[in-house]
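Q: I have a new model open and would like to talk it through with you. Could we go over it step by step?

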Amino acid sequence: MSRLNVLDLSQYMANEELRLENQNFKNCKISGIKNKFLTIYRCRFNNVEFENSFHEVYASFKECEFEECVFRDTFQGEDLELVVQENIFIDCVFENICYRSFQVQSNIVNCKFINCNFTDIAIEGDLCFIGLELKSGTIENFSFHGNQVMQNSFSDLQISNMDLECAFIKNRLERIDLKGVKITGYCKDNILIECEPNTIEMM
């Protein structure tokens, strides 16, 4: 990916809120967001790099489409609330993502990740993954010490060095290449199809 210019977001700011709605962004970089409230709704992003540090904010991403984007964001703070809902991610890269927050529950719900790659992800706090579809791609060095991973569908993925400490309930795993996967917590009603169950260590 070639060097991208940082997008000027000043026109979308009002007081402490940054709001992007029904916008299209392409071939740019979004970084340095410092607003207290961030809302991104029904936007399309193509070849966009996200590199921000969200601290003590409300950040909402709803009904957006991301294609060939790169995410290197950090989310942390006692009062951080992250809502990611009904988005589609295609051919995206998530790397060096850090999330740490315990006072407010955050949710990543009903999103699709198609041929996405996740590397060096560290999540710790009151966060849930619910109703997600992950198809194709890779997950490597993924640590999640959180609330729930529930009713998700994983298929045709390569997963290595993943450590989950959470409730793992009613998930469907199909044709997954698993290496070094450890799940600690309440596990129930999960379905594994064409996977090697002995590659998952459940505590």
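Q: Which residues do ring pairs link into a cluster?
A: Ring pairs join Tyr-12, Phe-25, Phe-45, Phe-50, Phe-66, Phe-71, Phe-89, Phe-94, Phe-113 and Phe-118 into a cluster, where rings of Phe, Tyr and Trp (its six-membered ring) pair if their centres lie within 6.5 Å, and planes under 30 degrees apart count as stacked, over 60 as edge-to-face and the rest as tilted. Please keep in mind that this is a predicted model, in which local features need pLDDT of at least 70 and side-chain atom pairs count only at pLDDT 80 or more, while totals for chains, interfaces and linings use all residues. Residues are numbered from 1 along each chain as its sequence is written, and side-chain values use heavy atoms, with hydrogens and water left out.

Q: And how many aromatic pairs does the structure hold?
A: There are 17 aromatic pairs in the structure. One of them is formed by Tyr-12 and Phe-25, which meet edge-to-face at 6.0 Å centre to centre, with 80° between the planes. Tyr-12 lies in the segment before strand S1 (13–14) and Phe-25 in strand S3 (residues 24–31), so this pair ties together parts that are 13 residues apart in sequence; strands (E, at least two residues) and helices (H or I, at least four) are DSSP runs numbered from the N terminus.

Q: Are those two buried or exposed?
A: Tyr-12 counts as buried at 19% relative accessibility, and Phe-25 is buried with a relative accessible area of 6%. Buried means under 20% relative accessible area, exposed means over 50%, and partly exposed is in between (1.4 Å probe, protein chains only).

Q: What about Phe-54 and Phe-75, how is that pair arranged?
A: Phe-54 and Phe-75 are stacked, at 5.0 Å centre to centre and with 15° between the planes. Their pair links distant parts of the chain, since Phe-54 sits in strand S6 (residues 53–55) and Phe-75 in strand S10 (residues 74–76), 21 residues apart. Both Phe-54 and Phe-75 are buried.

Q: Now the interior: which residues touch the most other members of the largest nonpolar core?
A: That core has 60 residues, and Phe-45, Phe-66, Phe-89 and Phe-94 touch the most other members. A nonpolar core is a set of buried Ala, Val, Leu, Ile, Met, Phe, Trp, Tyr and Cys residues joined through side-chain atoms within 4.5 Å. Strand S14 (residues 112–130) gives the most to this core, with seven residues.

Q: What is Phe-66 in contact with, leaving aside its neighbours within four places in sequence?
A: With those neighbours left aside, Phe-66 is in contact (heavy atoms within 4.5 Å) with Phe-45, Phe-50, Phe-61, Phe-71, Asn-87, Ile-88, Phe-89, Ile-90 and Cys-92. Apart from the largest core lies another core, of five residues, among them Cys-128, Ile-130, Met-150 and Ala-167.

Q: Let me zoom out: how many helices and strands does the chain have?
A: The chain has 22 strands and zero helices. Buried residues make up 42% of its 203 residues, and the C-alpha trace spans about 55 × 35 × 25 Å along its principal axes.

Q: Changing topic, how many salt bridges are there?
A: The structure holds twelve salt bridges, each being a side-chain nitrogen of Lys or Arg within 4 Å of a carboxyl oxygen of Asp or Glu. One of them joins Arg-42 and Glu-63, whose closest N and O atoms are 2.7 Å apart. This pair links distant parts of the chain, with Arg-42 in the loop between strand S4 (37–41) and strand S5 (44–51) and Glu-63 in the loop between strand S7 (58–62) and strand S8 (65–67), 21 residues apart. Arg-42 counts as partly exposed at 44% relative accessibility, and Glu-63 counts as partly exposed at 32%.

Q: And which residue does Glu-49 form a salt bridge with?
A: Glu-49 forms one with Arg-72, the closest N and O atoms being 3.4 Å apart. Glu-49 lies in strand S5 and Arg-72 in the loop between strand S9 (70–71) and S10, 23 residues apart. Glu-49 is buried, with a relative accessible area of 12%, whereas Arg-72 is partly exposed at 27%. Salt bridges that share partners join Lys-29, Glu-49, Glu-51, Arg-72 and Glu-95 into one network.
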